[in-house]
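Me: I'm new to reading protein structures and would like to understand the words people use for them. Could we go through some together?

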Amino acid sequence: MEARRDEAGEQATGGGVQSIDRAVAILSVFSRARPIAGITEIARLTGLTRGTTHRLVSALASHGFMAQAPGSTAYSLGPRLLGLGEVAREQLSLESQALPIMTRLRDRTGETVGLHVLDAEPSRRTIAQVESQQPLRRIYTDLGAPRPPHEGAPGKALLAHVAPDRLAAARARLAGDTSAQERLDRQIEVVRGDGYAISLEERVPGVVAVAVPVFDHTGAVAALSVSVPAVRAGRDELVGFVPMLREAADELSARLGGSAPPPAPAS
């Protein structure tokens, strides 16, 4: 099909892929920090002409994907996205998205893989595992039980990326033990720099582990870990698992709509 030009002088394609890309770019302008935006601002942020922007915004609004803000010429995301968001949320639940990735990670490492979250306390809870198939293996017998987040690698991987008030709440559990609080502060700084946390028989005698955080669009929401009997691995072996762990965590984060923050700059 012969290419043609729209009213703004831009080349358009018969397949419509370009229009879809532009519509996605327009919707991506909106965020919690920018809940409404006018046509001129949307055009500037997407690099589209004002005429093309107005045409696409009008089309999106006619289908409920955008809406004009009351008493304003600016636009916001539309009500139709609410229903689609609920459908996506049901399909993108943490555990359902994680289990296939955890199984592949278990198969690659040969060791038990765990999925961990922080609750409101905050306490660390292991919510899922894929067990190693080796005769001697780590098995989580306390699934769902609350554990202090500063004990073990998964909690530290999460604490390194939580809001300051949640980290302060975790430190408060060590009240009266200044040396333990200072040790935790040092460990958190190391985890932030390295991007992973290591535990050498810290919580469970005979078990070592390495963990990395998982992110959704709001920040760190979980940690993936590889746990190994201490007779089979030490620090070097755990560090060797990190690239595979990061690959798995990046895949899970992408499925949840998030991405890892950039690494901390070298001091």
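Me: Why is Pro122 called buried?

Reply: Happy to help! In this predicted model, Pro122 has a relative accessible area of 2%. Buried means under 20%, so Pro122 earns the word with its 2%.

Me: Where does Pro122 lie, and what does Pro122 touch?

Reply: Pro122 belongs to the loop between strand S6 (112-118) and strand S7 (124-130). Leaving aside residues up to four places away in sequence, Pro122 touches Pro149, Arg166, Ala169, Ala170 and Arg173. Touching here asks for heavy atoms within 4.5 Å. You can also look at Arg171: from Pro122 there are 49 residues in sequence, while the C-alpha atoms are 10.0 Å apart in space.

Me: What makes S6 and S10 a pair of strands?

Reply: Two strands pair if there are at least two bridges between them. S6 and strand S10 (residues 219-229) have 5 bridges, so they pass that test, and their pairing is antiparallel. On the model you can find Leu115 opposite Leu224 in S10, and Gly114 opposite Ser225 in S10.

Me: How do you know that S9 and S10 pair?

Reply: The same kind of reasoning works here. S9 and S10 share 10 bridges in the antiparallel sense, and at least two are needed, so they count as a pair. Val210 stands opposite Val226 in S10. A hairpin through 2 residues joins S9 to S10.

Me: What is the order of strands in the open sheet of 5 strands, and which are the edge strands?

Reply: The order is S7-S6-S10-S9-S8, with antiparallel pairing. The edge strands are S7 and strand S8 (197-200), as each pairs on one side only. From one strand to the next, the twist averages 25°. Helix H9 (residues 235-255) packs on this sheet and touches S6, S8, strand S9 (207-216) and S10. The direction of H9 makes about 25° with that of S9.

Me: What makes S10 mostly covered?

Reply: Count its residues: 8 of the 11 in S10 are buried. For each of those, the relative accessible area is under 20%.

Me: Why are S3 and S4 said to stand at the edges?

Reply: They belong to an open sheet of 3 strands, ordered S3-S5-S4 with antiparallel pairing. Strand S3 (36-37) and strand S4 (66-68) each have a single partner strand, so one side of each is left without a neighbour in the sheet. S3 pairs with strand S5 (residues 75-77) over 2 bridges, and at least two are required, so this pair qualifies. Within it, Ile36 has Ser76 in S5 as its bridge partner.

Me: How do you know that the charged end of Arg138 sits over the ring of Tyr140?

Reply: Part of the test is distance: the charge must be within 6 Å of the ring centre. For Arg138 and Tyr140 the value is 4.0 Å, so the distance part is met. As for aromatic pairs, a search of the whole structure finds 0.

Me: Which residues have pLDDT under 50?

Reply: That applies to residues 1-15, for which the model has 24 contacts beyond four places in sequence. For the protein chain, the mean pLDDT is 87, and 89% of its residues reach 70 or more.

Note on methods. Residues are numbered from 1 along each chain as its sequence is written. This is a predicted model: local features need pLDDT of at least 70, side-chain atom pairs count only at pLDDT 80 or more; totals for chains, interfaces and linings use all residues. Side-chain values use heavy atoms; hydrogens and water are left out. pLDDT is the predictor's confidence in each residue, from 0 to 100. Helices (H or I, at least four residues) and strands (E, at least two) are DSSP runs, numbered from the N terminus. Buried means under 20% relative accessible area, exposed over 50%, partly exposed in between (1.4 Å probe, protein chains only). Rings of Phe, Tyr and Trp (its six-membered ring) pair if their centres lie within 6.5 Å; planes under 30 degrees apart count as stacked, over 60 as edge-to-face and the rest as tilted. A charge sits over a ring if NZ of Lys or CZ of Arg is within 6 Å of the ring centre and within 35 degrees of the ring normal. Axes are lines fitted to C-alpha atoms, for helices over the stretch in contact, and angles run from 0 to 180 degrees between N-to-C directions.
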